[in-house]
Amino acid sequence: MGKGPGLYTEIGKKARDLLYKDYQIDHKFSITTYSPTGVAITSSGSKKGDLFLADVNTQLKNKNVTTDIKVDTNSNLFTTITVDEAAPGLKTILSFRVPDQRSGKLEIQYLHDYAGISTSVGLTANPIVNFSGVVGTNIVALGTDVSFDTKTGDFTKCNAGLSFTNADLVASLNLNDKGDKLSASYYHTVSPLTSTAVGAEVNHSFSTNENTITVGTQHRLDPLTSVKSRINNYGKASALIQYEWRPKSLFTVSGEVDIKSVDKGTKFGLALALKP
């Protein structure tokens, strides 16, 4: 565990990663190469039905400054400039997209032993301002995440979260969508040696009075092969197997089936990530 409570996005992240990360029903491919000067170039492609999307990302690092430049198939140019440790615990992120003149955003993150703060502002005449803050320790943390639209004078987002962490357990409680959605998550490490863990997430909507319950597990079969599975109360079951055939190069096969409508068949997804 780290020293401080981290940022607001880390509340419930362990359970979310176990239940949702790497699951997909699309086909994805990415390959990363490095130039002699250390420039990383990543080419990615994904196939969703009959639609194929691709992009090329170039990453340049110079001391504590990282610049990411990405071009996609729609001729959009995404640029992100990150400055790490401009001061102790401080990170600055500038991002924008061409040709969208309203996409510019400046974000500042600050991590302390007892607090984590992130604030961002759009670089427009009437920007959306976002603020998230967490106070506490690496054991108990309380935070909030709000967005304010200066053009309309309305709060577009208002969330709050609470987390508890110890050596083998992480529990969190979130109130999202301006108080309409209550989420509780649980992550428990069963065996650190095999990365075996179980997790669960319960979502309740006050406006519709609907509940969604998702449970899942993960296990490492050997040092190179991991498996995960999950199921929710609507009968959708998913599973994946991931093989690391060389360091940071992963091959993932995942599938999803609706056990209440098995006749509709099973959806499959493939992902291949190659890194030197």
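K3 counts as exposed, at 69% relative accessibility; here exposed means over 50% relative accessible area, buried under 20% and partly exposed in between, with a 1.4 Å probe and protein chains only. K3 sits in the segment before α1. Helices (H or I, at least four residues) and strands (E, at least two) are DSSP runs numbered from the N terminus. Between the C-alpha atoms of K3 and D113, which are 110 residues apart along the chain, the separation is 5.6 Å.

The model is predicted, with local features needing pLDDT of at least 70, side-chain atom pairs counted only at pLDDT 80 or more, and totals for chains, interfaces and linings using all residues. Residues are numbered from 1 along each chain as its sequence is written, and side-chain values use heavy atoms, leaving out hydrogens and water.

D263 is also exposed, with 74% relative accessibility. This residue belongs to the loop between β18 (249-258) and β19 (266-274). From D263 to N159 the distance is 40 Å, C-alpha to C-alpha, with their positions 104 residues apart in sequence.

**Salt bridges**

A salt bridge is a side-chain nitrogen of Lys or Arg within 4 Å of a carboxyl oxygen of Asp or Glu. The structure holds four of them, including the three in the table.

| Pair | N to O distance |
|---|---|
| D84 and K91 | 3.7 Å |
| R97 and D100 | 2.8 Å |
| D145 and K157 | 3.1 Å |

The pair D145 and K157 ties together parts that are twelve residues apart in sequence, because D145 lies in strand β10 and K157 in strand β11. D145 counts as buried at 10% relative accessibility, whereas K157 is partly exposed at 29%. In the bridge between D84 and K91, D84 has a relative accessible area of 29% and is partly exposed; K91, at 28%, is partly exposed. For the bridge of R97 with D100, the values are 29% for R97, partly exposed, and 30% for D100, partly exposed.

**Largest pocket**

The largest pocket holds about 1,000 Å³ of space. A pocket is found on a 1 Å grid over the protein atoms alone, as an open set of points where a 1.4 Å probe fits, with protein on both sides within 12 Å along at least five of seven lines; lining residues have an atom within 4 Å of a point. The volume is the space filled by probe spheres set on the points, which are joined across faces, edges and corners.

The lining consists of 44 residues, and K13, K14, D17, Y187 and Q218 lie nearest the centre. Elements that give two or more residues to this lining include α1 (13-20), β10 (140-149), β11 (154-165) and β13 (181-191). By class, the lining has 18 nonpolar, 16 polar and ten charged residues. Ala, Val, Leu, Ile, Met, Phe, Trp, Tyr, Cys and Pro count as nonpolar, Asp, Glu, Lys and Arg as charged, and the others, Gly among them, as polar.

**Nonpolar patch**

On the surface, V135, I139, V140, L142, L162, F164, L173, L175, L182 and F206 form a nonpolar patch with about 830 Å² of accessible area together. The elements giving two or more residues to the patch are β10, β11 and β12. F164 is placed in strand β11 and is partly exposed, with a relative accessible area of 37%. Patch residues have over 30% relative accessible area and no salt bridge, and nonpolar side chains (Val, Leu, Ile, Met, Phe, Trp, Tyr) are joined within 5 Å. The areas come from the Shrake-Rupley method with a 1.4 Å probe.

Notes: Patches are made of residues with over 30% relative accessible area and no salt bridge: like charges are joined within 9 Å, nonpolar side chains (Val, Leu, Ile, Met, Phe, Trp, Tyr) within 5 Å.
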